[in-house]
Amino acid sequence: MTAALLRSALRRSAAASLMSSRGFASASGQQRKVAILGAAGGIGQPLSLLMKLNPMVSHLCLYDIAGTPGVAADVSHINTRSEVNGYAGEDQLGAALEGSDVVIIPAGVPRKPGMTRDDLFKINAGIVKSLCEGIAKYCPNALVNMISNPVNSTVPIAAEIFKIKGVYDPRRLFGVTTLDVVRAKTFYAGKANANVADVNVPVIGGHAGITILPLFSQATPSANLSAEEITALTKRTQDGGTEVVEAKAGKGSATLSMAYAGAIFADACLKGLNGVPDVVECSFVQSTVTELPFFASKVRLGKNGVEEVLGMGHLTDFEKQGLEALKPELKSSIEKGISFVHDN
């Protein structure tokens, strides 16, 4: 029963209501290779489990600097269709990536006592830079799902690396902001007394603090919430990561919910690749929705990745204020990522 529930969860995305079980079965017959970079970590392990349960995955490659063979052996015993292989160490990165359709990157280190945010940025930025150089070499046509934080900077880092290597296709690079959507749906459903499975809330902007802007005015089903409730819901969505860190007494972060969100977005990418129509999710992508070069909004997914970047729709005055407030911070984060590549 547990496995069935997990598989059901993976099926639920923006397009799930449009799919019949027959259509899903036909999509699952295709051969799709997914690589997870950072598979032995706190996000990587539960993400590996969830992707093993996805019927569209035929080959699952798990990579990390160490510990991956054990994770792969464990996950490989699950009786689903995908073949699982584990790879450890830089010399095995190419084998893990070769021929991948989707690459998911949760790699990186958590912030440790005494470590500044700038220290953390430099370490994770270096990791992302190295992994993206591997992607450019071994699977330049893969859809890249960036989870490694800070996403507002790591996506521009990836874009610059791919440009330098001559393989950049903006349709194939995504910052995974799905956890913001997952949280917004959950928190909104609680306030609106709605069935969370029926709730949808677009989230735009970026993927950190005030750059996260949930558009509760566009939430469905609609609810008559007060301005105070909307403000509180917005702040809770923006501070969701901190809420988990504090609940874990500083000994962990949002790994399980992030793995779930990462699996949901990867599932949407696979559906798009397999030709399922009307797959729409929010993601941080190259965009002309605002004057910023990257921005999170709804995107329509297809056989080439991003088929269409959708607009923001009508915003309330509160949301317009939030949009203007987030722009300077998001712009700075984007520029920081671009500068990292060219300074290193």
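## Exercises on cysteines, rings and helix packing

The sulfur of Cys61 lies 10 Å from the closest cysteine sulfur, that of Cys139, which is too far for a bond; a disulfide here is a pair of cysteine sulfur atoms within 2.5 Å. The model is predicted: local features need pLDDT of at least 70, side-chain atom pairs count only at pLDDT 80 or more, and totals for chains, interfaces and linings use all residues. Residues are numbered from 1 along each chain as its sequence is written, and side-chain values use heavy atoms, with hydrogens and water left out.

**Exercise 1. Determine how many disulfides the rule gives, and state whether Cys61 is buried or exposed.**

Step 1. The rule yields zero disulfides.

Step 2. Cys282 is in no disulfide, as the nearest cysteine sulfur, in Cys269, is 13 Å away.

Step 3. Accessibility is then read with three classes: buried is under 20% relative accessible area, exposed is over 50%, and partly exposed is in between (1.4 Å probe, protein chains only). Cys61 has a relative accessible area of 0% and is therefore buried. Cys282, at 6%, is buried too.

**Exercise 2. Establish how many aromatic pairs the structure holds, and classify the pair Phe174 and Phe265.**

Step 1. Rings of Phe, Tyr and Trp (its six-membered ring) pair if their centres lie within 6.5 Å; planes under 30 degrees apart are stacked, over 60 edge-to-face, and the rest tilted. A search of the whole structure returns four aromatic pairs.

Step 2. For Phe174 and Phe265 the ring centres are 5.4 Å apart and the planes stand at 65°, so this pair is edge-to-face.

Step 3. Helices (H or I, at least four residues) and strands (E, at least two) are DSSP runs numbered from the N terminus. Phe174 belongs to strand 6 (residues 173–175) and Phe265 to helix 11 (residues 256–273), so the pair ties together parts 91 residues apart in sequence.

Step 4. Phe174 is buried at 0% relative accessible area, and Phe265 is likewise buried at 0%.

Step 5. One of the other pairs is Tyr188 with Phe216: the centres are 5.9 Å apart and the planes at 10°, so the pair is stacked. Tyr188 lies in helix 8 (residues 178–192), whereas Phe216 lies in the loop between strand 8 (212–214) and helix 9 (227–238), 28 residues apart. Both of these residues, Tyr188 and Phe216, are buried.

**Exercise 3. Identify which charged residue lies over the face of Phe187, and which over that of Phe121.**

Step 1. The criterion asks that NZ of Lys or CZ of Arg be within 6 Å of the ring centre and within 35 degrees of the ring normal.

Step 2. Over Phe187 lies Arg236, at 3.8 Å from the ring centre.

Step 3. Over Phe121 lies Lys336, at 4.5 Å from the ring centre.

**Exercise 4. Compare the expected span of helix 8 with the distance between its end C-alpha atoms, and find what its buried residues pack against.**

Step 1. The expected span is 1.5 Å times one less than the number of residues. For the 15 residues of helix 8 this gives 21 Å, and the end C-alpha atoms are 21 Å apart, so the two agree.

Step 2. The buried residues of helix 8 include Leu179, Val182, Phe187 and Tyr188.

Step 3. With contact meaning heavy atoms within 4.5 Å, the buried residues of helix 8 pack against strand 7 (203–205), strand 8, helix 9, helix 10 (240–247), helix 11 and strand 9 (279–286).

Step 4. Asn193 follows helix 8 and has a positive phi, near 55°.

**Exercise 5. State where UniProt places the feature "binding site", and contrast Arg117 with Arg183: buried or exposed?**

Step 1. The unreviewed UniProt entry places the feature at Arg111, Arg117, Asn149 and Arg183; UniProt positions follow the numbering used here, feature names are shortened, and annotations may be inferred rather than shown by experiment.

Step 2. Arg117 lies in helix 6 (residues 117–138) and, at 63% relative accessibility, counts as exposed.

Step 3. Arg183 lies in helix 8 and, at 11%, counts as buried.

Step 4. Leaving out residues up to four places away in sequence, Arg183 touches Thr237, Gly240, Gly241, Val244, Ala254 and Ser257.
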